[in-house]
Amino acid sequence: MPKKIKVYFAPLQGFTDAVYRKTHGDFFSGVNFYFAPFVSMDNIKSGHIKKYNYNANEIPQIIVSDSESCKILVDLLIEKGFKNIDINFGCPFVLQTKKFRGSGILPYPERVSQVFKTIENYSDVNFSLKMRLGLKDDSECLNLVSLINSSPIKTVTIHPRTGVQQYLGVVDNKMFEIFTSKLIGKNIVFNGDISTAQDIENLINSYPFLSAVMCGRGLLKNPALADVYKSDENDENVIKNKFLEFNNALIYNYLEEFSGNVNSTLVKLKSFWDYFLPTTDVKVLKKIKKSNAIEEYRVFSTIAINNFKVGL
């Protein structure tokens, strides 16, 4: 059997929170690391970062626009025990990009340089970078090659779209090839449009230098995606049973997270069906979305899982 590369779970704001990450890890073993959604200076003001606790198989992510915010956030995460920290140069949403954060920093090499100079002071931390090819122009990444090569960044995850594309249009494989060919001594991770185990195999065939792939929406659609890839598990009944157990655990764990508040729990659980099991019958999906009680939600989500045809 060909050697399998690592699979990382991408951070998705509003979806892959601590409850989801832990629950997923309890039932599916194929993910090597879970990247937590980014923390920012805004999170410090809200107190959100106080809930950010160390977990060995999780990597926190920061989103910054300058050296000052970078230092503050890195120091806070180090205090919490983290030795691996990811830097977000990829977020495509205007709320962040207008503040020169996420993909909004990519057109400004001087800001990128500030961030990289700051992390040079943390020799005991393993830094990684998640980025787009650019904000508006996919060639913006080429202006950052020398900065990335001379930085302490060890791993570069690339989503081959621009920020303004968000998740629309096709990935730019040609620019991905050009950009990665210029990076020296970095682990390269591909992120974007990975929905099946075959997608991962195709990427490895196209880019044998990849050290890992990062999946976000693909794992939300099919939580067993990494397991299928790693173990060639193709027994539909086994996968469905895992989905049922996972679904029940999410119900229980979110009820606990929201101190038994049914409305808050249902709002959270229903949101996952924006991605989970995308071929679910429309009528069943409507029943799930309109559920007003936990048992009602459990019944219709179970029907959806039992009827789902697992795309491997």
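**Figure 1. Strand β8, helix α8 and strand β9 form a right-handed β-α-β unit.** The model is predicted. Helix α8 covers residues 197-206. Strands β8 and β9 pair in the parallel sense, over 3 bridges. Strand β9 spans residues 212-215. In β9, A212 is the bridge partner of V189. Strand β8 runs from residue 187 to residue 191, and 4 of its 5 residues are buried, so the rest of the structure largely encloses it.

**Figure 2. A right-handed β-α-β unit is also made by β7, helix α7 and β8.** Helix α7 holds residues 173-182. Strands β7 and β8 are parallel, with 4 bridges between them. T157 faces V189 of β8 in this pairing. V189 also has A212 as its bridge partner in β9.

**Figure 3. Strand β6 pairs with β5 and with β7.** Strand β5, residues 84-89, runs parallel to β6 and shares 6 bridges with it. The pairing of β6 with β7 is parallel too, over 6 bridges. Follow K130 across the strands. N88 stands opposite K130 in β6. K130 in turn stands opposite T157 in β7. Strand β6 covers residues 126-134, and 8 of these 9 residues are buried, so the strand is largely enclosed by the rest of the structure.

**Figure 4. The 9 strands form one open, parallel sheet.** Their order is β3-β2-β1-β9-β8-β7-β6-β5-β4. β3 and β4 (61-62) are the edge strands; each has a single partner, so one side of each lacks a neighbour in the sheet. Strands of a sheet pair through backbone hydrogen bonds, and the pairing may be parallel or antiparallel. Elsewhere in the sheet, β1 and β2 run parallel and are joined by 2 bridges. There, F9 stands opposite Y34 in β2.

**Figure 5. Helix α1 has buried residues V19, Y20, R21, T23 and H24.** The helix spans residues 18-27. What covers its buried residues? Strands β1 (6-9), β2 (33-35) and β3 (58-59) are among the covering elements. Helices α9 (217-221) and α11 are also included.

**Figure 6. The largest nonpolar core contains 90 residues.** I62, F89 and M131 touch the most other members. Helix α11, residues 236-257, supplies the largest share of this core, with 7 residues. In soluble globular proteins, nonpolar side chains tend to be buried together. Look next at the surroundings of I62. Leaving out residues up to four places away in sequence, I62 touches F38, V39, C70, L73, V74 and L77. I85, D86, I87 and N88 complete that set of contacts.

**Figure 7. S151 sits in the loop between α6 and β7.** Helix α6 covers 145-149, and strand β7 covers 155-162. Is S151 buried or exposed? S151 has a relative accessible area of 9%, and the cut-off for buried is under 20%, so S151 is buried. A polar atom of the S151 side chain lies 2.7 Å from the backbone oxygen of I148. The S151 side chain also reaches the backbone nitrogen of I153, at 3.2 Å. Beyond residues up to four places away in sequence, S151 touches F116 and K186.

**Figure 8. I184 lies in the loop between α7 and β8.** The relative accessible area of I184 is 62%. The cut-off for exposed is over 50%, so I184 is exposed. How many residues lie between I184 and E245 along the chain, and what separates their C-alpha atoms? The two are 61 residues apart along the chain, and their C-alpha atoms are separated by 44 Å.

**Figure 9. The protein as a whole has 14 helices and 9 strands.** Its radius of gyration is 20 Å, close to the 20 Å given by the globule rule for 312 residues, so the protein is as compact as a globular protein of that length. The C-alpha trace spans about 55 × 45 × 35 Å along its principal axes. Buried residues make up 51% of the 312 residues. Among contacts with a separation of 6 or more, 73% join residues 24 or more positions apart.

How values were computed:
Residues numbered from 1 in each chain as written. Predicted model: local features only at pLDDT ≥ 70, side-chain atom pairs only at ≥ 80, totals over all residues. Heavy atoms only, no water. Buried < 20%, exposed > 50% of the residue type's maximum accessible area, 1.4 Å probe, protein only. Polar contact = N/O pair within 3.5 Å; in protein donor to acceptor, adjacent residues only side chain to side chain. Contact = heavy atoms within 4.5 Å. Core = buried A, V, L, I, M, F, W, Y, C linked by side-chain atoms within 4.5 Å. Pairing = 2+ DSSP bridges. Right-handed = clockwise from strand over helix to strand, strands pointing away. Rg over C-alpha atoms; globule rule 2.2 N^0.38 Å.
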